[in-house]
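Student: I have a model open and would like to learn how to read its features. Could you take me through them?

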Amino acid sequence: MTERKFEALNVPPDVLEKGGVEILRASVVDGAVSIALRRAFDDPFTWGVLLVDLARHAARVYAMETEFSEEEALAEITAGIQAELDDPSDPGSTQAIN
């Protein structure tokens with residue numbers, strides 16, 4: 001039997017120093033995304049701000065690790081967001097587990 005392995009990210013240094021609450025964990029399992037999250041904010045608008053912040057961080061990582069510029073990567077990420085909003089590939093289900 002093949003050993004299963006989970007490759008977790010490190011906790012950010014400022015969280016180790018100041019504490020905090022984890023609100024989002026996303027993993028890729030068999031090519032699909034698996035997510036755990038907590039509502040965390042009183043206003044859902046704040047999730048929109050968080051998602052854009054995540055997109056910008058991802059674009060910077062692409063710019064550091066690939067031939068994409070930050071602007072090109074962000075444009076591709078934005079196009080993917082819009083495509084998924086227009087035609088969801090997996091409406092899925094959500095449960096409050098945490």
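Tutor: We will go through confidence, backbone angles, burial and a surface patch in turn. This is a predicted model, in which local features need pLDDT of at least 70 and side-chain atom pairs count only at pLDDT 80 or more, while totals for chains, interfaces and linings use all residues. Residues are numbered from 1 along each chain as its sequence is written, and side-chain values use heavy atoms, with hydrogens and water left out.

Student: Where is confidence lowest, and where is it highest?

Tutor: pLDDT is the predictor's confidence in each residue, from 0 to 100. Where it is low, the predicted coordinates should not be read in detail. Here the protein averages 92, and 95% of the residues score at least 70. The lowest mean, 88, belongs to S2, and the highest, 98, to H2. Those labels come from DSSP runs numbered from the N terminus: helices are H or I with at least four residues, strands are E with at least two.

Student: Which residue in the loop between S1 and S2 should I look at?

Tutor: Start with the general idea: most residues other than glycine have a negative phi. Asp30 is not a glycine, yet its phi is positive, about 50°. Asp30 sits in the loop between strand S1 (24–29) and strand S2 (32–37). Ala40, also not a glycine, has a positive phi of about 70°, and its place is the loop between S2 and helix H2 (45–65).

Student: Are these two residues buried or exposed?

Tutor: Buried means under 20% relative accessible area, exposed over 50%, and partly exposed in between (1.4 Å probe, protein chains only). Asp30 is exposed because its value is 81%, while Ala40, at 44%, is partly exposed. For a buried case, take Ser27 in strand S1, with a value of 17%. Leaving aside neighbours within four places in sequence, Ser27 is in contact (heavy atoms within 4.5 Å) with Phe6, Ala32, Val33 and Ser34.

Student: Which residues make the nonpolar surface patch?

Tutor: Patches are made of residues with over 30% relative accessible area and no salt bridge; nonpolar side chains (Val, Leu, Ile, Met, Phe, Trp, Tyr) are joined within 5 Å, like charges within 9 Å. A salt bridge is a Lys or Arg side-chain nitrogen within 4 Å of an Asp or Glu carboxyl oxygen. Areas come from the Shrake-Rupley method with a 1.4 Å probe. Here Leu24, Val28, Val33, Ile35, Leu37, Leu51 and Leu54 form a patch of about 650 Å². S2 gives the largest share, three residues.
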